[in-house]
Amino acid sequence: METRTEKPTEKRNRILRTALLLFSMQGYHATGINDILKQCGIPKGSFYNFFPEGKEQLALEAMETSIDFRETSIRELLAPFQDPVDAFQARIDSVMERVTPPYNLEQPSPYFMMAHELSAVNDTLRDSCIRAYEVRKNIYRDKLLELGYETEAAEKTAATFQMMLNGATEMSVIRKDIGYLALLREQIPMLVLMYKKVG
């Protein structure tokens, strides 16, 4: 809830976090500005001070905030690992934690649900959604390059892992069961071996 001592930047960040959570869970079109403001306890007048262009501006900034935060957190997660299997399995484990309800404002998830809708709203939001996927794929590619993969093999493995992770996450969310993510976790050694040899 709003407090007298809360700084404007803190209010703005709270709106962004709340919007990202609700867009992720309910969808962009099903989430109104009033829903966001009610959830975070901020008056409507304050909202337009922070986001004068309205909901689309909020959605774009929420997506960009999520991209930057996730890039940092995923790179930090993968940094200690010297084996790509361990690195990718650790990433899957982190997704499993995030897609298991209850969701919270600190780790809204899954962002791809928001991306599906936002990509159809306008080109600016679509470009942001494309960047969200590219950033994640590039994190995995960079880790593989660090571990000695050739460029083509690293690119193929990273892209394949990203697609598989997205699909497994979506199925796990829809079914409210992390079974698909667990299955992907089991298959990671084969994925890594296949592209190491073929690439």
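Helices here are DSSP runs of H or I with at least four residues, strands are DSSP runs of E with at least two, and both are numbered from the N terminus. With that in hand, look at the whole thing: the protein has nine helices and zero strands, so to speak an α-α-α-α-α-α-α-α-α pattern when you read along the sequence.

Before you click on, some small print. The model is predicted, so to say: local features need pLDDT of at least 70, side-chain atom pairs count only at pLDDT 80 or more, and totals for chains, interfaces and linings use all residues. Residues are numbered from 1 along each chain as its sequence is written, and side-chain values use heavy atoms, with hydrogens and water left out.**Stop 1: the whole protein**

Show the surface. Its accessible area comes to about 10,300 Å², of which 54% belongs to carbon and sulfur atoms; areas like this come from the Shrake-Rupley method with a 1.4 Å probe, and for residues only the protein chains shown count as cover. How much of the protein is buried? Buried residues make up 45% of the 199 residues, where buried means under 20% relative accessible area, exposed means over 50%, and partly exposed is in between (1.4 Å probe, protein chains only). Among contacts (heavy atoms within 4.5 Å) with a separation of 6 or more, 68% are between residues 24 or more positions apart.

**Stop 2: helix α2**

Select residues 33-40, which make up helix α2. Its buried residues are Ile33, Ile36, Leu37 and Cys40. Look down the axis of α2: these buried residues fall within an arc of 95 degrees, so they line one face of the helix. That arc is taken from the directions from the helix axis to the C-beta atoms. What do they pack against? Show α1 (8-26), α3 (44-50) and α4 (55-78), and you have the partners. Then click on Gly41, which follows α2 and has a positive phi, near 70 degrees.

**Stop 3: salt bridges**

Time for some charged side chains. A salt bridge is a side-chain nitrogen of Lys or Arg within 4 Å of a carboxyl oxygen of Asp or Glu, and a search of the whole structure finds 13 of them.

- Select Arg126 and Asp123: their closest N and O atoms are 3.6 Å apart. Both sit in helix α7 (residues 123-146), three residues apart, about one turn of the helix. Arg126 is partly exposed at 35% relative accessibility, while Asp123 counts as exposed at 51%.
- Select Glu152 and Lys156: this salt bridge has its closest N and O atoms 3.1 Å apart. The two share helix α8, four residues apart, about one turn of the helix. Glu152 is partly exposed at 48%, and Lys156 is partly exposed at 34%.
- Select Glu155 and Arg141: their closest N and O atoms are 3.7 Å apart. Glu155 lies in helix α8 (residues 151-175) and Arg141 in helix α7, so the pair ties together parts that are 14 residues apart in sequence. Glu155 is partly exposed at 28%, and Arg141 is partly exposed at 21%.

Keep that last pair on screen and add Glu71, Arg75, Glu134, Lys137 and Asp142: together with Arg141 and Glu155, they are linked in a network of salt bridges.

**Stop 4: a nonpolar patch**

Finish on the outside with Met171, Ile174 and Tyr180, which make a nonpolar surface patch of about 270 Å². Patches are made of residues with over 30% relative accessible area and no salt bridge; nonpolar side chains (Val, Leu, Ile, Met, Phe, Trp, Tyr) are joined within 5 Å, and like charges within 9 Å. Where is Tyr180 found? Look in helix α9 (residues 179-198). Tyr180 has a relative accessible area of 35%, so it counts as partly exposed.
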